[in-house]
Amino acid sequence: MLLDHHIQYKKQVYLGDTITVKTYPKVPEGAKQPRKVEFYCNDQLVVDSLTLWILIDVETQKIKRLGNDWLEKI
């Protein structure tokens, strides 16, 4: 579930531009899972974003924490 989303638009893009999106996890903050998202046009950063997620177990409907080694498993 998305808790927070910060986004900064750095440069205008136009119809027909090719956009590359890079996303990667950051160090967990307890049960919160921050994720960095960047948009590039012609190798230039045009959007910088940080999202903050919390994981919910679909069966129990409770917050689910990941182990410290979760990224190594994928």
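**Entry 1: Asp48 and its neighbours**

I looked up the contacts of Asp48 in this predicted model. Leaving aside residues up to four places away in sequence, I found that Asp48 touches His6, Ile7, Gln8, Lys10, Lys36, Val37 and Glu38. I then checked where Asp48 sits and placed it in strand S4, which covers residues 44-54.

I next asked whether Asp48 is buried or exposed. Its relative accessible area is 18%, and Asp48 therefore counts as buried, the cut-off being under 20%. Among the residues touched, I followed Lys36 further: the side chains of Asp48 and Lys36 are joined by a polar contact of 2.6 Å.

**Entry 2: Met1 and the nonpolar patch**

I turned to Met1, which lies in the segment before strand S1 (2-9). Its relative accessible area came out at 54%, so Met1 is exposed, the cut-off here being over 50%. I also noted that Met1, Leu3, Ile56 and Ile63 make a nonpolar surface patch of about 380 Å².

**Entry 3: The chain as a whole**

I recorded zero helices and four strands for the protein chain. Along the sequence I read the pattern as β-β-β-β.

I looked up how much of the chain is buried: 22% of its 74 residues count as such. For the exposed surface of the protein chain I noted about 6000 Å², with carbon and sulfur atoms supplying 53% of it.

Lastly, I examined contacts with a separation of 6 or more in the protein chain. Of these, 41% are accounted for by residues 24 or more positions apart.

Conventions
Residues numbered from 1 in each chain as written. Predicted model: local features only at pLDDT ≥ 70, side-chain atom pairs only at ≥ 80, totals over all residues. Heavy atoms only, no water. Helix = DSSP H or I, 4+ residues; strand = E, 2+ residues; numbered from the N terminus. Buried < 20%, exposed > 50% of the residue type's maximum accessible area, 1.4 Å probe, protein only. Contact = heavy atoms within 4.5 Å. Areas by Shrake-Rupley, 256 points an atom, 1.4 Å probe, with all protein chains shown as cover. Patch = residues over 30% accessible without salt bridge, like charges linked within 9 Å, V, L, I, M, F, W, Y side chains within 5 Å. Salt bridge = Lys/Arg side-chain N within 4 Å of Asp/Glu carboxyl O. Polar contact = N/O pair within 3.5 Å; in protein donor to acceptor, adjacent residues only side chain to side chain.
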